[in-house]
Amino acid sequence: MDRRGFVTAGMAAGLAGITGAGGTVHSLFSRVPGWATGKTLEDGTIRLSSNENAIGLSPAARQAVVDSLDIANRYPGSHRGELMEQLAAYAGVKPENLVLTNGSTEVLQVAAQAYRGPNKPLVLAEPTFEDIGDYQQTESYHVIAVPLTSKHEHDVARMREEASGRPSVVYFCNPNNPTGTITNTAAIDEWIAEAPETTTFIMDEAYFEYVSAPGFESAVKWVEQKPNVVVARTFSKIFAMAGMRLGYSISHPDTADYLRQFVVQNCPNELAAAAGLASLQDSGLIDRSVAVNDESKAIVHATLDELDLEYLPTEANFMMHRINGDLTEYQQRMREAGLLVGRHFPPMLEWNRLSFGLPNEMDRWASTLKDFRRKGWI
């Protein structure tokens, strides 16, 4: 059995209950109208540079958006109550623990504003997701960037040292973007348990639904006893709603009340709320997202193994892999071949971040990369 056959066969049983016929991912797309959206743009270019969920909106979410157009002239609110109830059940918390936002990036903006202070340390990894670092530029923070360890994990011990003895804000992106790696949460938990309330932990869990590796636990378990823990999550990734901007924070009720003073009013918009609610009610959506992501990841693994190119273990919908040669030149050559791949993430300038598309799109990437090898470019 070839690689594709092996992967598809491995998923068939899991998809059987979803599709009703036990077919492959390809046949699933063929039977469900509007699903084969992928990451291919109108001109044929494939965008593998943004960490979007390639399967597209759930059919139920698409219909919910259409059905809600009749109330799009009204201020938001029709779906909010039920969305809060369903989301609380999904997250295993109470509605009063939740704050709805325009994507999880608004959680990071709100946190940067809410916990600012004159020259207050903002301790984060390098490299990591850029947004909280960007939002602090209009505030009064002292940014302390701590390099990842040799295993590309957060250096918890050094971050703890940098934050100790003074009020601080600490940002963990776990799984980390752009590396896709996880940091074992045992050391983080030890720090949270012992830290004073003047140390605020912003825990970015945008990709947590993709994690299967041991050693990871959500920080949500801390929110009832630790008002200084704020968990940021999103509908952009596993629920494929990146373009609709729906995120949320989970925190102690007192903390949630405080954060609401900083969020955009009338959020989320009516269509995003309807899509979010329908997505939560689509019981097979997460399994479908993970199954397609796993098949695309397997294609990338096999290709990089064949070409003997190093890559990092990923627990997300993207991967960091080494390239041979200049990164800018590599990206340009990929662009000329109709593939948009990562961007620069200093100091990892010998690595490229590759976002996963549909399996057929990753096949095209694999073919292009092998052609680069034949030409001596990588």
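This note sets out points on the nonpolar cores, aromatic pairs and selected buried residues of a predicted model.

1. Nonpolar cores. The largest nonpolar core holds 57 residues, and the members that touch the most others are F172, W191, F201, F235 and I250. Helix α10, which spans residues 270-281, gives the most to this core, contributing seven residues. A second core, separate from that one, has 22 residues, including L48, M334, L339 and V341.

2. Surroundings of F172. With neighbours within four places in sequence set aside, F172 is in contact with H154, V156, M159, I188, W191, F201, I202, M203 and D204. Two of the residues named here, W191 and F201, are also listed with F172 among the core members that touch the most others.

3. The pair F172 and W191. The count of aromatic pairs in the model comes to 10. In one of them, F172 and W191 meet edge-to-face, with 6.0 Å from centre to centre and 80° between the planes. F172 belongs to strand β5 (residues 168-173) and W191 to helix α8 (residues 185-194), so the pair ties together parts that are 19 residues apart in sequence. Both F172 and W191 are buried.

4. The pair Y330 and F372. The ring centres of Y330 and F372 are 6.2 Å apart and their planes stand at 90°, so this pair is edge-to-face. Because Y330 lies in helix α12 (residues 327-336) and F372 in helix α13 (residues 359-374), the pair ties together parts that are 42 residues apart in sequence. Y330 and F372 are buried.

5. Aromatic cluster and charges over rings. One aromatic cluster is formed by Y90, F235, F239 and Y248; F235 is also one of the core members that touch the most others. As for charges over rings, R233 lies over the face of F208 at 3.7 Å from the ring centre. The charged end of R353 sits over the ring of F318, at 5.7 Å from its centre.

6. E205, a buried acidic residue. E205 is placed in the loop between β6 (199-204) and β7 (229-234). Its relative accessible area is 4%, and E205 is therefore buried, the limit being under 20%. A polar atom of the E205 side chain lies 2.8 Å from the backbone nitrogen of A219, and a polar contact of 3.1 Å joins the side chains of E205 and R233. R233 is the residue that lies over the face of F208. Not counting residues up to four places away in sequence, E205 touches N174, F216, S218, A219, V220, V231, A232 and R233.

7. L98 in strand β2. L98 lies in strand β2, residues 98-101, and counts as buried at 0% relative accessibility. Apart from neighbours within four places in sequence, the contacts of L98 are M84, L87, A88, V93, Y248, S249, I250 and R260. Y248 in this list is a member of the aromatic cluster. Between L98 and A54 the C-alpha to C-alpha distance is 27 Å, with their positions 44 residues apart in sequence.

8. T101 in strand β2. T101 is also found in strand β2, and it counts as buried at 1% relative accessibility. A polar atom of the T101 side chain lies 2.8 Å from the backbone oxygen of G103. Leaving out neighbours within four places in sequence, T101 is in contact with E106, V107, R245, L246, G247, Y248, V263 and C267. Y248 is thus named among the contacts of T101 and among those of L98.

Notes
Residues numbered from 1 in each chain as written. Predicted model: local features only at pLDDT ≥ 70, side-chain atom pairs only at ≥ 80, totals over all residues. Heavy atoms only, no water. Core = buried A, V, L, I, M, F, W, Y, C linked by side-chain atoms within 4.5 Å. Buried < 20%, exposed > 50% of the residue type's maximum accessible area, 1.4 Å probe, protein only. Helix = DSSP H or I, 4+ residues; strand = E, 2+ residues; numbered from the N terminus. Contact = heavy atoms within 4.5 Å. Phe/Tyr/Trp six-rings, centres within 6.5 Å; stacked < 30°, edge-to-face > 60°. Lys NZ or Arg CZ within 6 Å of the ring centre and 35° of its normal. Polar contact = N/O pair within 3.5 Å; in protein donor to acceptor, adjacent residues only side chain to side chain.
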